[in-house]
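Hi everyone, thanks for making time. I'd like to walk you through some charged pairs and one helix, so please have the viewer open.

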Amino acid sequence: MDIRIDDLQGSAIQALLQEHLDDMHSSSPPESVHALDLDALRHPDITFWTAWDGDELMGCGALKQLSPEHAELKSMRTARPHLRKGVARAMLRHILAAAQAKGFQRISLETGTPAPFVAAQKLYASEGFVECGPFASYVLDPYSVFMTKVL
């Protein structure tokens, strides 16, 4: 698996991110969907990575700087043909290492509460994330779980 910074220009990543947004909207009401679109992911405070097996896109993830000490995990997604192959765990560990290298002291995330998000919650917990309250501009929401990890 080759994980590298991506410029979000390729059709494969654009399709995977559209699938991600569509799935988020099918699982949560619009006001509870916090997934970023392509334009938002191109913000200078965000670093975006993709995972590849040759020319085949396996997944993606991003890191958004909230402050010099705090970052947020965003846009974690595994392409359907690569589910349950360790793509998400490899991407998460890559992003955690990058966050540490950039000097962040904490990384936080928001994920959903409906059934489709349970696997993600378990992955994050297995990598040391613990539930916390809302951070940044988030508010309490029955469709959101907030998690954080001290690096």
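Let's start with a network of salt bridges: it links Glu19, Asp23, Arg77 and Arg80. Keep in mind that this is a predicted model. Across the structure there are nine salt bridges, and I'll go through a few of them. The general idea is familiar to you all: side chains of opposite charge can pair when their charged atoms come close.

Take Glu19 and Arg80. They form a salt bridge in which the closest N and O atoms are 3.2 Å apart. What does this pair tie together? Glu19 sits in helix 1, residues 11–27, while Arg80 is in the loop between strand 4 (70–78) and helix 3 (87–101), so the bridge joins parts that are 61 residues apart in sequence.

Now stay on Arg80, please. Its side chain also meets that of Asp23 in a salt bridge, at 2.9 Å from N to O. Here too distant parts of the chain are linked, with Asp23 in helix 1 and Arg80 in the loop between strand 4 and helix 3, 57 residues apart.

And are these residues buried or exposed? Somewhere in between: Arg80 is partly exposed, with a relative accessible area of 48%, and Asp23 is partly exposed as well, at 22%. Since buried means under 20%, the value of 22% for Asp23 falls just outside that class.

For another example, look at Arg42 and Asp39, whose side chains meet in a salt bridge at 3.6 Å, N to O. In this pair Arg42 is partly exposed, at 36% relative accessible area, whereas Asp39 counts as exposed, at 61%.

Back to helix 1, then, the home of Glu19 and Asp23. Helix 1 has 17 residues and spans 24 Å from its first C-alpha to its last, close to the 24 Å expected at 1.5 Å a residue.

Which residues of helix 1 are buried? They are Ile13, Leu16, Leu17, His20, Leu21 and Met24. These cover an arc of only 140 degrees around the axis, which puts them on the same side of helix 1. The spacing fits what we know of helices: an α-helix has 3.6 residues a turn, so residues three or four places apart point the same way. On the other side of helix 1, Ser11 and Ser26 are exposed.

Finally, what covers those buried residues of helix 1? The cover includes helix 2 (38–41), strand 2 (46–53), strand 3 (56–65) and strand 4.

That's my tour; thanks for listening!

Conventions. Residues numbered from 1 in each chain as written. Predicted model: local features only at pLDDT ≥ 70, side-chain atom pairs only at ≥ 80, totals over all residues. Heavy atoms only, no water. Salt bridge = Lys/Arg side-chain N within 4 Å of Asp/Glu carboxyl O. Helix = DSSP H or I, 4+ residues; strand = E, 2+ residues; numbered from the N terminus. Buried < 20%, exposed > 50% of the residue type's maximum accessible area, 1.4 Å probe, protein only. Expected span 1.5 Å × (residues − 1). Arc of directions from axis to C-beta. Contact = heavy atoms within 4.5 Å.
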